There are 2 protein chains.
Amino acid sequence: MKEIIIHEVGPRDGLQAEKQTIPTEVKVKWIEALMESGVDIIQIGSFVHPEKVPQMADTDKLFTHFSQSTCFSQSGKKVPSVVLAGLVLNEKGLDRGMACGVELFCMGISASDTYSKKNTGMSSEEALSRIIPMAQKAVAAGKKVQVSVQNAFGCSYEGPIQDEKVLTIMKKYLEAGMRRISLADTSGHAHPQQVERLFGAAIALEPQAELTCHFHETYGLGIANCYAAMKAGVKYFEASFGGLGGSPFSARSSGNVCTEDFVHFLQRMDLRPDVRMDKIVEVTKEAGQILNRDLPSFMNRIGPVPAGPASQ
Amino acid sequence: MKEIIIHEVGPRDGLQAEKQTIPTEVKVKWIEALMESGVDIIQIGSFVHPEKVPQMADTDKLFTHFSQSTCFSQSGKKVPSVVLAGLVLNEKGLDRGMACGVELFCMGISASDTYSKKNTGMSSEEALSRIIPMAQKAVAAGKKVQVSVQNAFGCSYEGPIQDEKVLTIMKKYLEAGMRRISLADTSGHAHPQQVERLFGAAIALEPQAELTCHFHETYGLGIANCYAAMKAGVKYFEASFGGLGGSPFSARSSGNVCTEDFVHFLQRMDLRPDVRMDKIVEVTKEAGQILNRDLPSFMNRIGPVPAGPASQ
């Protein structure tokens with residue numbers, strides 16, 4: 001197995017946060033470039049009500065395109081074995097996802113009751129009792145499933161979230177047979193010591209769990225939190241090209257950890273030399289033009305540390 | 001001793017990188033606010049030739065002001081026991097610094113010959129043979145001295161710098177009786193694993209050394225590197241209010257780690273709750289207005305993670 005697995009969430013988490021809807025053909029082009037970059041998982045959409053989140057209205061169409069087409073990339077080469085992921089919020093979304101070729105279903109609940117109620121109308125416990133049967137149904141259908149705990153490191157409404165609350169939800173996921181579990185810092189509150197502590201406890205709970213982390217750069221601690229997660233033994237990392245993202249329901253949240261900056265961070269440490277950062281930066285550049293703003297990407301702005309001496 | 005010591009280098013390293021010269025009375029006001037913030041060391045100027053770096057032309061005047069005045073801060077309270085530091089590049093600068101009340105002399109050489117020659121006209125070894133007697137002279141005069149190794153983690157001209165080269169310079173500093181040693185990532189190339197490795201080796205070399213780190217945000221790894229340094233046991237951290245800084249001699253360098261963001265990072269981990277971040281942000285806000293640009297400070301832009309639940 002690769003030492004670090006990169007889960008690109010930009011087409012879903014990133015674009016969902018934008019007011020502007022990106023045309024499907026542009027998304028297809030971006031997803032193809034992301035496939036060519038060599039990231040491992042691409043979350044390409046969310047099965048929400050199209051009228052509620054128009055940016056995600058073409059999710060079924062995108063999955064159908066990529067599962068039915070022969071999946072040739074722009075350069076004419078067959079795409080690598082990237083896993084296409086979709087977010088589902090309820091049974092209807094799950095059915096839609098089943099019908100259009102989702103390979104990895106992502107679903108989750110918030111550890112914060114306040115956030116959960118604002119987001120779903122249900123308490124954390126109610127949400128959990130609905131998510132678990134959905135996850136089991138997807139597994140029974142032979143699908144990969146990642147279940148998540150949102151606001152695992154704090155909540156912009158409730159403030160601090162106790163580790164115990166997160167670990168209790170994780171235990172219930174494990175009891176339900178789930179192994180791929182994401183702890184998400186939805187509000188950007190995480191700090192590195194907390195990350196090492198909580199992921200350390202999570203790994204101790206189930207060393208075989210495939211733990212994923214999801215951090216935001218709200219307060220500038222995203223990459224430091226990634227490093228702390230790596231130190232704790234986490235192997236799966238979610239990130240967004242261009243640092244796009246942020247929940248529309250979270251009061252002060254801002255962008256996700258930027259994928260190309262995360263890849264640069266890895267490659268500085270001789271990890272994932274196979275990933276083509278230039279393909280990700282290409283998407284960020286075009287997204288910046290279309291969204292008409294500078295995206296918070298160091299790699300787009302300044303590029304990587306040069307490999308050798310400067311040519312002068 | 002405090003667990004983490006904050007060395008604010010903004011008035012020197014930060015302002016030196018700016019084209020615009022800040023009036024002395026504005027600097028005095030900012031240094032007073034920084035004193036009130038509770039940071040431990042403030043580097044207020046550099047003893048360079050006034051015509052070469054006009055931004056630093058008032059360095060002697062600033063030291064005279066703060067050493068001869070009764071040092072009352074804006075609020076009328078006596079300043080806390082902050083140490084005032086100055087950078088010296090040569091014997092003449094040292095004499096100037098001795099004459100005007102410098103408490104901590106900072107001086108150093110680069111581990112990169114190319115950088116050293118561009119910056120000083122001397123090789124690293126020649127520069128070392130001049131710095132050591134200067135450092136010893138300052139110590140003999142009862143002054144505190146911090147010696148540094150610039151480009152300790154890479155060089156924008158030479159590329160990678162071997163750990164051994166840095167440790168050899170450190171050994172010579174130790175043999176010369178120096179204990180306060182800074183390893184500076186002048187070009188912003190450091191990554192967290194390297195930071196843990198090099199500082200780990202440095203601490204193993206002399207556990208009693210007072211090791212200081214100095215990181216830049218050139219590639220977005222500054223805070224992650226600070227965390228890695230903390231993990232390795234480093235206690236002294238240099239940072240600049242507003243993330244100002246960057247050597248005019250380094251090809252692609254950008255700002256230092258931002259002091260207020262670093263303080264926020266510490267306070268999230270229950271470290272240095274005594275530091276008043278608001279006083280530092282006050283300086284950043286005014287500097288941004290005078291320099292007429294947005295400074296890369298998360299705390300200025302978004303403020304800290306709220307202490308408790310949101311009031312709603």
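A residue is buried if 20 or more other C-beta atoms lie within 10 Å of its own, exposed if 12 or fewer, and partly exposed in between, with C-beta atoms placed from the backbone. This is a predicted model: local features need pLDDT of at least 70, side-chain atom pairs count only at pLDDT 80 or more, and totals for chains, interfaces and linings use all residues. Residues are numbered from 1 along each chain as its sequence is written, and chains are lettered from A and ligands numbered from 1 in the order in which they are written.

**Stop 1: strand β8 of chain B**

Select residues 236–239 of chain B; strands here are DSSP runs of E, at least two residues, and helices runs of H or I, at least four, numbered from the N terminus. Both faces of this strand are covered. B:Tyr236 and B:Glu238 are buried on one side, B:Phe237 and B:Ala239 on the other.

**Stop 2: its partners**

Add β1 (residues 5–8), which pairs with β8(B) in the parallel sense over four bridges; pairing takes at least two DSSP bridges. B:Ile6 stands opposite B:Phe237. Now add β7(B), parallel to β8(B) over three bridges. Here B:Thr212 stands opposite B:Tyr236.

**Stop 3: B:Phe215**

Select B:Phe215, in the loop between β7 (210–214) and α9 of chain B. Why is B:Phe215 counted as buried? Because 27 C-beta neighbours lie inside 10 Å. The C-alpha atoms of B:Phe215 and B:Ala239 are separated by 7.6 Å, though the two residues are 24 apart along the chain.
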